[in-house]
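Hi everyone, thanks for coming. I'd like to walk you through a structure that's probably new to you, so let's put it up on the screen.

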Amino acid sequence: MEVSRRDTLPLLATGLAATAGGAARAQYAAADPAVPIKAHLGVTENPFGPSPAARLAIRHSVRDAAYYPHSEKPLLDRIVAREGIRAEQVTLASGSLDALSHLSVGLGRGGRILAPQPTYSTHLAYAARQGVETDWVPLGRDHQIDLAAMLAAIGPQTRLVYLCNPNNPTGLLLDPAALHAFCIEASKRVPVMIDEAYFELAPDPLRHSVANLVREGHDVIVARTFSKVYGLAGFRIAYILAQPERVRLLKSLVTTSRNQAGLAAATVCLGDAAYLAGAIAYLKDCRSRIYRIAEDNKLVFLPSEGTFVYLNCGMPGKDMQARLARLGVEVRLFEGAAYANWIRIGTAIPAELAHFAAALPKALAAAG
Ligand SMILES: Cc1ncc(COP(=O)(O)O)c(C=O)c1O
């Protein structure tokens with residue numbers, strides 16, 4: 001039977017009718033087209049889906065669909081108020097990837113970007129396609145981003161430092177004091193872009209965020225998104241907090257406006273505590289299920305603060321990925337010399353995780 005996130009989640013999300021899934025999953029082509037994917041674990045979305053208020057706002061936004069979005073102000077005002085930031089220090093983006101990509105090229109031009117490895121790097125691949133290459137700093141032995149090594153690696157060619165907290169794929173959060181000290185030091189030399197895509201999932205988001213450094217005037221760029229915990233990945237809406245000069249640069253590079261439905265949804269769900277509590281509980285439960293599956297198979301994993309779990313499958317990840325694909329499970333690999341045996345498992349609906357639980361022992365036992 002085809003796994004349908006659409007059908008399963010409402011049963012779990014007490015009072016929150018979730019409709020993620022179904023048809024959209026077709027975009028993730030199976031490695032072997034003959035084997036339909038039954039567990040889409042290569043992604044980092046939140047299958048819990050949008051909040052009830054966001055769903056209503058999306059429905060109402062249809063009334064305005066014939067027109068270009070006329071105002072971003074309601075959402076910008078809410079962000080400014082919540083962050084205690086100046087209006088010139090915030091701008092919206094059609095997904096944080098769009099902003100990260102434009103800033104990587106715009107700031108990196110004529111030099112290089114510095115980033116840890118492994119990390120989220122779709123925007124860095126985009127920058128490379130535009131002629132801006134990245135220098136990679138391996139994670140430390142504790143799988144953490146090595147802040148001392150990154151600071152030491154900033155050179156005359158470095159135009160931008162990027163890191164993601166918690167890091168994707170490890171799910172590890174940095175020590176807040178160490179990250180703050182790093183940002184202050186590094187941003188004296190180059191802009192520092194901190195990707196807080198999973199901000200809301202942190203045990204104490206405000207303590208882990210570096211948004212206060214933007215408020216204080218440091219050359220730090222914070223990227224946040226509605227794609228992950230807020231369950232709005234399909235509506236492509238995100239925001240950037242940065243110094244006015246960086247905000248102006250980003251605005252000069254983007255080519256189009258945000259979308260009507262995404263703006264409407266984000267405006268009503270930002271900071272919706274009841275919804276966030278439900279979404280976070282759901283994601284934590286998913287992570288626990290993945291931990292149990294790893295433990296049952298005696299595999300090492302990292303405790304995650306993201307919507308995914310990174311685990312050491314004890315064999316080349318490429319082989320495991322191929323074996324799992326033959327069993328209808330899609331997982332994701334990352335670049336990084338020390339991580340050839342690691343695979344990232346995304347949070348998903350219980351039926352998908354159950355499928356993974358059944359497939360993993362078979363994949364581990366399979367030949368070749
Ligand atoms: C760390 C990180 N940053 C940014 C993104 C992009 O998110 P979006 O463009 O949907 O805001 C992702 C998505 O996987 C991510 O994992």
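One term before we start: two strands count as a pair when DSSP finds at least two bridges between them. And keep in mind that what you're looking at is a predicted model.

Okay, the sheet. It's an open one with seven strands, in the order β2-β8-β7-β6-β5-β3-β4, and the pairing is mixed. At the edges sit β2, residues 90–93, and β4, residues 134–138, each with a partner on one side only. Going from one strand to the next, the twist averages 20 degrees.

Let's look at the β2 end. β2 pairs with β8, residues 238–241, through four bridges in the antiparallel sense. Across that pair, leucine 92 faces tyrosine 239 of β8. Helix α3, residues 73–83, lies across both β2 and β8, at about 130 degrees to β2. α4 packs on the sheet too, touching β2, β3, β5, β6, β7 and β8, and its direction makes about 160 degrees with that of β7.

So how do α4 and α5 sit relative to each other? Their axes come within 8 Å and cross at roughly 40 degrees. Angles from 65 to 115 count as roughly perpendicular and those under 35 as roughly parallel, so these two are oblique. The crossing is right-handed. Among the contact residues are Leu97 and Leu100 from α4, and Leu124 and Tyr126 from α5. By class, that contact has six nonpolar residues, five polar and no charged ones.

Last stop, the ligand. It has 13 residues around it, and the closest are Gly95, Ser96, Leu97, Thr225 and Ser227. That shell splits into six nonpolar, six polar and one charged.

Note on methods: Residues are numbered from 1 along each chain as its sequence is written. This is a predicted model: local features need pLDDT of at least 70, side-chain atom pairs count only at pLDDT 80 or more; totals for chains, interfaces and linings use all residues. Axes are lines fitted to C-alpha atoms, for helices over the stretch in contact, and angles run from 0 to 180 degrees between N-to-C directions. Angles under 35 degrees count as roughly parallel, over 145 as roughly antiparallel, 65 to 115 as roughly perpendicular and the rest as oblique. A crossing is left-handed if the near helix is turned anticlockwise from the far one by less than a right angle, and right-handed if clockwise. Two residues are in contact if their C-beta atoms, placed from the backbone, lie within 7 Å. Ala, Val, Leu, Ile, Met, Phe, Trp, Tyr, Cys and Pro count as nonpolar, Asp, Glu, Lys and Arg as charged, and the others, Gly among them, as polar. A residue is near a molecule or strand if its C-beta atom, placed from the backbone, lies within 6 Å of it.
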